[in-house]
Amino acid sequence: MRWSRYFLYTLRDNPSDAEVVSHQLLARAGMIDKVAAGIYTYLPLGWRSIDKLSRIIREEMNAAGSVEVVMPCIQPAELWQESGRFQKYGRELLRIKDRHDRDFCFGPTHEEVITDFVRRRVTSYRQLPANLYQIQTKFRDEIRPRFGLMRGREFLMKDAYSFHSSAGSLDEAYRAMENAYRRVFDRCELSYTAVEADTGNIGGSESHEFMVLADTGEDAVAACECGYGANVEKATAGAIAPPPPWPGKVPAKPEAVHTPGASSVPDVAAFLKLDPAHFIKTMIVETDREFAIALVRGDDEINEVKLKNVLDATHIQLAAESKVEQVTGGAMGFSGPVGLKGIRIVADPEVMRMTVAAAGANRADYHLVGVVPGREFAPDLVADVRKARAGDPCPRCGAPLVLKRGIEVGHIFKLGTKYSEPMACNFLDEKGETHPMMMGCYGLGVGRTVAAAVEQNHDAAGIIWPRPLAPFEVELIALNPDVPAVRDAAEKLYGDLQGAGCEVFYDDRDERPGVKFNDADLVGFPVRVVVGKKGVEQGQAELSLRRDKVKVPTALPDAVAKTRELLSGV
């Protein structure tokens, strides 16, 4: 492909709203174009990378026994009402009406649609298992779309669904999909990890995320050398070290201490000359059906996802100041568990291991010192609601956990009967008895994976594509194309490289060498072949890898063989 005939226009500056590297470079390299917030056009160069990844995904899904379908983007609300998700899904679900005033939605996912057509065609255990997938556009009305393809509203996703007559069959398919995902990311030459994850709005009993590791990743992953790994939303830890010894004499009963203007744990700790680990941090939250109180140790943070799951809530948010005063009788920033009635209290196990503590007094500018968990207050529920931290003991082997940054690119779930039961997706067993099918769900973000590859493979000058996802493998640059000898040598090399099966992008533009080299660095194809006036006079081309830019002078007759040799090493 010749640049002069291609639709490729690079940008010198980053888009004003581009916060992360992948958004900046994909936009500047002419691969994506913003249409609206979180909605992008894949331009020709970008679509080539998307298409390459899609082919890899199809090959691995087919090899794992999944069969491709294509389902509609627009879905009738009745199916979502039948599953119970039409209201529960929240405002991310784009709800629309047709000309007859009937309710529809733009699908963020397709559990309901696929469950509906499977239940109308599969009736016997003899027809199971079934495994179907699609690569299709989704829409989630994110409250704050950002990071380009990483968190858009409209996006391309591969989603697969499996149907089973037994838990053993579901587990077999789940492991097959897990292995297929590993092969996809291995073939893309990405550094990744699979971690335990929260099931979120999809639901189910078991879930794993595939995270591409990158310093710019928006998710934190807790990992251990023993193989344990989990998203911090899911990560657990063994018992952590107890707080330092209580300084001085422990009060026989809680004492109210005036702490003017000190409401945060660090400020109160400094004022009272205590360690932050001596405090009970109190959070008042509002869910879709109640107010609740969550307690963690003062040096910990509350994990809102864990808390939402413990409270069996659809959504959760911090209570407003007026609600805090209503629930506790005191000002925000001075809340504590002592003396509260009529509200559910959830305490982290580390709180209940404390022998003595300090906490808010539910009174402006006052804290209680000498609070004994279990004596001054009794929680309704003791559950892990803290965020795992670096250095916490691994729940499997006890070694210190390490926190890494990652980008979620795939997520697999064991759904069980979450959808088949309410939607009556049933089968008859050998005895003629009716049972709901067991289901699995397997999602992979296509555009997101391409963006993650850029996050993991770039330098200050631009993208460094791994070969399997590179829009083109080789960039051929003709310097001084107005010189007949240069033009003729570049044209011959272009034809020879194509004849040898190389994907070549030929920069035949009448531009200055500096512009061509800067653009080549920006678009980042794996191998660069440069033909210039001086080189042609010496019978040579200059070859280099984008990754290291080491120049390799090569005789023109040997340039094709050397290019293929370089490609085989990237």
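Here a trainee and a mentor talk through the cores and strand pairings of a predicted model.

Trainee: Which helix gives the most to the largest nonpolar core?

Mentor: Start with the core itself: it has 59 residues, and those with the most contacts inside it are Leu26, Phe185, Tyr442 and Trp465. One helix puts in seven residues, the most of any, and it spans residues 167-187. That's helix α6.

Trainee: And from which domains does this core draw at least three residues each?

Mentor: One of them is split into pieces, 11-71 + 107-236 + 403-454, and the other is 472-569. So by the domain assignment, the names you want are domain 1 and domain 3.

Trainee: What does Phe185 touch, leaving out residues up to four places away in sequence?

Mentor: Remember that Phe185 is among the residues with the most contacts inside the largest core. With those sequence neighbours left out, its partners are Leu190, Tyr192, Phe210, Val409, Leu444 and Thr449.

Trainee: Which are the edge strands of the five-stranded open sheet?

Mentor: Lay out the order, β16-β14-β15-β17-β20, with mixed pairing. Inside it, β14 (residues 280-287) and β15 (residues 291-297) run antiparallel, joined by seven bridges, and Lys281 stands opposite Val296 in β15. An edge strand pairs on one side only, and that leaves β16 (316-318) and β20 (381-382).

Trainee: Last one: which residue in the hairpin of β30 and β31 takes a positive phi?

Mentor: Those two strands run antiparallel, with four bridges between them, and Leu543 faces Val552 in β31. The hairpin has six residues between the strands, and the one with phi near 60° is Lys549.

Note on methods: Residues are numbered from 1 along each chain as its sequence is written. This is a predicted model: local features need pLDDT of at least 70, side-chain atom pairs count only at pLDDT 80 or more; totals for chains, interfaces and linings use all residues. Side-chain values use heavy atoms; hydrogens and water are left out. Two strands pair if DSSP finds at least two bridges between them. A nonpolar core is a set of buried Ala, Val, Leu, Ile, Met, Phe, Trp, Tyr and Cys residues joined through side-chain atoms within 4.5 Å. Buried means under 20% relative accessible area, exposed over 50%, partly exposed in between (1.4 Å probe, protein chains only). Contact means heavy atoms within 4.5 Å.
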